[in-house]
Amino acid sequence: MQTVSKEQFVYSFSKDNSHALKVPSGSTIVMETWDCFRNQIQSEQTTVSSIDWEQINPATGPIYVEGAKPGDLLKVHIDAIELGEQGLMAAGPGLGVMGHRLDAMQFKLIPIKDGKAIFNDKLHLPLNPMIGVIGVAPEDEAVPCGTPGPHGGNMDTKLITTGATLYLPVFQEGALFGLGDVHAAMGDGEIGVTGIEIPAKVTVTLEVLSGQSIPYPFLENGEGISSIVSKETLDEAAKSAVEIMIDALLPHMDMSLPELVMLCSAAGQSQISQIVDPLMTARFFMPWSVLDVYGVNLFKPANI
Ligand code: CA
Ligand code: ZN
């Protein structure tokens, strides 16, 4: 299996990035990732001034997927996430929802042992390994890896985990796929601006689907389908996620728009991904228990 080393990384998703690797559609690749501080913080005594704040949110890659063209979809199956041995959190002035109440930057190292995150002696938190930054080159100018958008990027969505399939709109030839910013655990909202940040090894399978396009990323898992939308406000993101889901479902459901609105209102869930990045990310979820009744399969392979 091909591996992309963590030494091959970018700080922005851009059509101008030269690719680290070129693969045929259907390839499975291992991608080594730095943590979101590019592993600069190895001690709780690290001072803010010793950190290079330009070196934040590296994404490993990009990978050029042969055959991917603007208007296609890139199907990304998350096969595995292997976490490093130690995670890191930060809290400080100006960071996250509570930054206005914090005086000084503080770091906390969090060892990962026996499948738990050792927050302190008393508290061993369950892991939910997930990928914070994952995306493709955007349509226009470069987007820093810290910002989410239609191309994916820093969506900080806890559903982006082992077993899930993410669908990304393709804007550039080859898609130029990258990922990084893995978290050993993170709650919806990511309120403090860090999850349990950790280096990792992520295995993904990349496949090009042509003949259908989507305006924002979608995710499928064992429970159902989610649209994932990032906008300036959470209100806009949440409402847009609903509309994008309804637009995607309407051609596949034998029902009128008012009926589908009622169904989504009864059985769909508006959910928050993160409220701390340069754009806010929300999602709208519809369960298979509803969609399967109509045989909904939004993302068919190109040859079917
Ligand atoms: Ca992040
Ligand atoms: Zn992160």
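In the predicted model, Thr165 lies in strand 16, which covers residues 165–169. Thr165 is buried, because its relative accessible area is 9%, under the 20% cut-off. Leaving aside residues up to four places away in sequence, Thr165 touches Lys75, Val76 and His77. Thr165 also touches Phe218, Leu219 and Glu220.

Ser18 offers a contrasting environment. Ser18 is found in the loop between strand 3 (12–13) and strand 4 (21–23). The relative accessible area of Ser18 is 62%. Ser18 is therefore exposed, the cut-off being over 50%. In sequence, Ser18 and Ile63 are 45 residues apart. In space, the C-alpha atoms of Ser18 and Ile63 are 9.0 Å apart.

Strand 16 and the loop of Ser18 belong to a chain with 3 helices and 22 strands. Helix 2 spans residues 257–267. The buried residues of helix 2 are Leu260, Cys264 and Ala267. Seen down the helix axis, these buried residues fall within an arc of 90 degrees, so they line one face of helix 2. The face turned away from the buried side carries Met262, Ser265 and Ala266, which are exposed. Several elements contribute to the cover over the buried residues of helix 2. Among them are helix 1 (234–249) and helix 3 (288–291). Strand 21 (269–274) and strand 22 (280–287) are also included in this cover.

At the level of the whole chain, the dimensions were examined next. The protein chain has 304 residues and a radius of gyration of 19 Å. A compact globule with 304 residues would have a radius of gyration near 19 Å, so the value for the chain agrees with that expectation. Along its principal axes, the C-alpha trace spans about 60 × 40 × 40 Å. Buried residues make up 51% of the 304 residues.

Contacts were then considered by sequence separation. Among contacts between residues at least 6 apart in sequence, 75% join residues at least 24 apart.

The surface and the charges complete the description. The protein chain exposes about 13300 Å². Carbon and sulfur atoms supply 51% of this exposed area. The chain has 17 positive side chains and 36 negative side chains. The centres of the positive and negative sets lie 4 Å apart.

Methods:
Residues numbered from 1 in each chain as written. Chains lettered and ligands numbered in written order. Predicted model: local features only at pLDDT ≥ 70, side-chain atom pairs only at ≥ 80, totals over all residues. Heavy atoms only, no water. Buried < 20%, exposed > 50% of the residue type's maximum accessible area, 1.4 Å probe, protein only. Helix = DSSP H or I, 4+ residues; strand = E, 2+ residues; numbered from the N terminus. Arc of directions from axis to C-beta. Contact = heavy atoms within 4.5 Å. Rg over C-alpha atoms; globule rule 2.2 N^0.38 Å. Areas by Shrake-Rupley, 256 points an atom, 1.4 Å probe, with all protein chains shown as cover. Lys, Arg positive; Asp, Glu negative; His and termini not counted. Charge placed at Lys NZ, Arg CZ, Asp CG, Glu CD.
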